[in-house]
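Colleague: I have some questions about the labels used for this model. Can you take me through the reasoning behind them?

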Amino acid sequence: MTARAGLLPPRPGLRQRLIRLIADPAFQARAARIPLLRRIVRSEGEAMFDLVAGFCHSQVLLALVRLDIPAQLLDAPADTATLATRSHIHPDRMTVLLNAAASLGLLRRSRDLWSLTARGAALAGVPGLQGMIAHHDVLYRDLTDPVAFFRGEVETELAAFWPYVFGAGGATDRAVTATYSALMADSQRLVAADTIAALDWRQSQHVMDVGGGTGAFLTALGAAHPHLRLTLFDLPAVAPAAAHRFAQSGLADRTTIRAGSFRDDPLPTGADTIALVRVLYDHADDTVLILLRAAHAALPPGGRLVISEPMTGGASPTRAGDAYFALYCMAMRTGHARSAAQIKALLTAAGFTDPVTAPTPARAYVTSVLWTVRSS
Ligand SMILES: C[S@@+](CC[C@H](N)C(=O)[O-])C[C@H]1O[C@@H](n2cnc3c(N)ncnc32)[C@H](O)[C@@H]1O
């Protein structure tokens, strides 16, 4: 009988023996006395403690957002007593919150006055960030029992928060879609900037944004490239809202809005470029294949398909892709976050050739971009 046959445990390799050594408290105590190892032990310890405390950090962030402290401090620095009174929190407890925020690099105190740091200013100013933080209570409730969550035993709230992806016809409730669309459009600004910067749009004449929401991406693209004609395709409950945005941005003459479902309807033809921005990760592979095949059919030979969304790291997992978006999509229960390689495989299965990863955008943690062409 051999270990290979599975009856004996395999002998640990060198790496496994090293890992077991590092896990040994006696080794850790010895390592802490050796200067070079001491530094490694300390920084590993701090990194581990950061993971342990991560939920508290998120809740500090949520408290700041709910109390509107970033906006208040953007107006003017304030002292603890003022912030405490405005927030209806006892000054002693407010001090704990403000010190916690300072420790996370969001606030700084000079004498008695609190102000924002550069990171805190991002919290005040980055579009969609506060909306994203504010709706995380839903995700965190879904993750309360993480084992049940990973076993697929939780009826997740997030799935109800984003109802539009369910059912063949998609969303029909305009009030619900308005809530969802505002958050999407706010957070779209940075995604749009990175997607536009990642590619040469001069070779396109007519871009169709499928699942384009209320037109935030096309509005940014149209402003950056005045030669482009633009078509937005989205569900009937969502697409009409784009008209207002296009009119306000002076784009009405260059834009067409088409309502429909890519699950059931063919995509309109006429565009030489199709964009799918934050669309694929909402859907299972079979729906994505339907969509990619529809995009292939709608494009002329030589036409380009652009995919922009948060992606996982594949063989090299990333914190944003694999420890956030993958869980988020799992809580939504309709699709999943994919690596670039997984999306490329789906593109190939849909008939596209040689998909290319665009240069890494500035905010790779929320946006990765792929493109491909319909060859014939
Ligand atoms: C995550 S949102 C992204 C919106 C926008 N592209 C953005 O990045 O802000 C996904 C979009 O796909 C649309 N969508 C979902 N299912 C669809 C379908 N079957 N046909 C057309 N659009 C659909 C939704 O209405 C929504 O606007």
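Modeller: Gladly. This is a predicted model. Start with histidine 88, in the loop between helix H5 (80–87) and helix H6 (91–103).

Colleague: Why is histidine 88 called exposed or buried, whichever applies?

Modeller: Histidine 88 has 8 C-beta neighbours inside 10 Å. The cut-off for exposed is 12 or fewer. Therefore histidine 88 counts as exposed.

Colleague: What makes the phi of histidine 88 worth a remark?

Modeller: Its value is near 55°, which is positive, and the residue is not a glycine. Most residues other than glycine have a negative phi.

Colleague: Which class does aspartate 68 fall into, and why?

Modeller: Aspartate 68 has 13 C-beta neighbours inside 10 Å. Exposed needs 12 or fewer, buried 20 or more. So aspartate 68 counts as partly exposed. This residue lies in the loop between helix H3 (35–66) and helix H4 (69–75). Its phi is also positive, about 60°.

Colleague: On to the sheet. What is the strand order?

Modeller: The order is S6-S5-S4-S7-S8-S10-S9, an open sheet of 7 strands with mixed pairing.

Colleague: Why are strands S6 and S9 said to stand at the edges?

Modeller: S6 (255–259) and S9 (353–357) each have a single partner strand, so one side of each lacks a neighbour in the sheet.

Colleague: How do you know that S9 and S10 pair?

Modeller: Pairing takes at least two bridges. S9 and S10 are joined by 3, running antiparallel. Threonine 357, for one, has leucine 370 in S10 as its bridge partner.

Colleague: What makes S9 hardly covered?

Modeller: Of its 5 residues, the buried count is 0.

Note on methods
Residues are numbered from 1 along each chain as its sequence is written. This is a predicted model: local features need pLDDT of at least 70, side-chain atom pairs count only at pLDDT 80 or more; totals for chains, interfaces and linings use all residues. Helices (H or I, at least four residues) and strands (E, at least two) are DSSP runs, numbered from the N terminus.
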